[in-house]
Every structure is written in structure tokens, then in C-alpha cells.
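Subject: Handing over the structure

Hi,

Here is the structure I promised to pass on to you. Please have a look at it first, and then read my notes underneath.

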Amino acid sequence: MCNITITIKLFAVYQEVYGVNELVWEFPYGTPVQAVCDRLIAEHPKLSKWREITRFGVNLQFVEPDTILQNGDEVVLIPPVNGG
């Protein structure tokens, strides 16, 4: 089983917690985009309150949480912004 490498663009609360605007991570082939959020939360449990309300984008398109990632994908996690 080979791994894929993806770029994760961080915004809002995710960027505040990590202190960077971008991460590059490896995942096993066949990983859904939801696993990116799961890993972020595993590393920083205080992000768990954002799990159910975060939307996902892959390569500038909104996607469902079960969308399978491909090597080289750019993932964006989009939590609600302050003020609604």
C-alpha cells in the first residue's frame, strides 16, 4: 500500500491552533478527506467542537467528507467564520 502526499491549507481556528497556514501530510491511499480533520483533532483535541460544522474543499471545490483523496490534492478545511 502506497502513501499519498497532500497539502492542507489552514484557516480561522485551525490556523490559530497550528500557528501556520499550511501543512503537508502523508496518508495511505484510499483515505477520505474526513481523515484530515480527524488527524487535526487527534493532535489538538480542542478542535473537536468544530468537527461537525467544518466543510471540506479539495482542489478549490467543496466535497463531501467521504471523498477519497488523491496524491497531490490540496485540502481546505473551512470552519464557520466569526459572526456567523
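Below is what I found, going from the core outwards to the loops.

Please keep in mind that this is a predicted model.

**The core**

The largest nonpolar core has 24 residues. Those touching the most other members are I8, Y14, V36, L40, L47, V75 and L77. At least two core residues come from each of these elements: the strands β1 (3–9), β2 (22–28), β3 (55–58) and β5 (74–78), and the helices α1 (12–18) and α2 (34–43). Helix α2 gives the largest share, with five residues.

Three residues are good places to start if you want to look around in there.

- V36 belongs to helix α2 and is buried, with a relative accessibility of 0%. Apart from residues up to four places away in sequence, V36 touches I6, I8, W25, F27, L69, V75 and L77. The C-alpha atom of V36 is separated by 17 Å from that of P80, a residue 44 positions apart from V36 along the chain.
- I6 is part of strand β1, and at 0% relative accessibility I6 counts as buried as well. With residues up to four places away again left out, I6 touches L23, V24, W25, F27, V36, L69, Q70, D73 and V75. For I6 and F27, the C-alpha atoms are 7.9 Å apart in space, while the two residues are 21 apart in sequence.
- L77 touches I8, K9, F11, Y14, V36, C37, L40, T54, R55 and F56, on the same basis of not counting residues up to four places away in sequence.

**Aromatic residues and the arginines over them**

The count of aromatic pairs comes to two. One of them joins Y18 and W25 in an edge-to-face arrangement, with 6.4 Å from centre to centre and 70 degrees between the planes. Both Y18 and W25 are buried. Together with F27, these residues form one aromatic cluster.

Which residue lies over the face of W25? That is R39, at 3.9 Å from the ring centre. In another place, R55 lies over the face of F62, and there the distance to the ring centre is 3.7 Å.

**T54, a buried threonine in a loop**

T54 might be worth a moment of your time. The residue lies in the loop between α2 and β3, yet T54 counts as buried because its relative accessibility is 7%, below the 20% cut-off. What does the side chain of T54 meet? A polar contact of 2.7 Å joins it to the side chain of Y14. In addition, a polar atom of the T54 side chain lies 2.7 Å from the backbone oxygen of W50. Leaving aside neighbours within four places in sequence, the residues in contact with T54 are Y14, L77, I78 and P79. Y14 and L77 also appear above among the core residues that touch the most other members.

**Two positive phi angles**

The loop between β3 and β4 (61–63) holds N59, and L60 lies in that loop too. N59 is not a glycine, but its phi is positive, near 50 degrees. L60 is likewise not a glycine and has a positive phi of about 70 degrees. Are these residues buried or exposed? N59 is partly exposed, because its relative accessible area is 39%. L60 is exposed, because its relative accessible area of 80% is over the 50% cut-off.

**Cysteines**

How many disulfides does the structure hold? The number is zero. As for where cysteines sit, C2 is exposed, with a relative accessible area of 51%, whereas C37 is buried, with a relative accessible area of 0%. C37 is also one of the residues that L77 touches.

If you open the model now, my suggested route is V36, then T54, and then the loop with N59 and L60.

Best wishes

Conventions. Residues are numbered from 1 along each chain as its sequence is written. Side-chain values use heavy atoms; hydrogens and water are left out. A nonpolar core is a set of buried Ala, Val, Leu, Ile, Met, Phe, Trp, Tyr and Cys residues joined through side-chain atoms within 4.5 Å. Buried means under 20% relative accessible area, exposed over 50%, partly exposed in between (1.4 Å probe, protein chains only). Helices (H or I, at least four residues) and strands (E, at least two) are DSSP runs, numbered from the N terminus. Contact means heavy atoms within 4.5 Å. A disulfide is a pair of cysteine sulfur atoms within 2.5 Å. Rings of Phe, Tyr and Trp (its six-membered ring) pair if their centres lie within 6.5 Å; planes under 30 degrees apart count as stacked, over 60 as edge-to-face and the rest as tilted. A charge sits over a ring if NZ of Lys or CZ of Arg is within 6 Å of the ring centre and within 35 degrees of the ring normal. A polar contact is a pair of N or O atoms within 3.5 Å; within protein, one must be able to donate a hydrogen and the other to accept it, and residues adjacent in sequence count only if both atoms are side-chain atoms.
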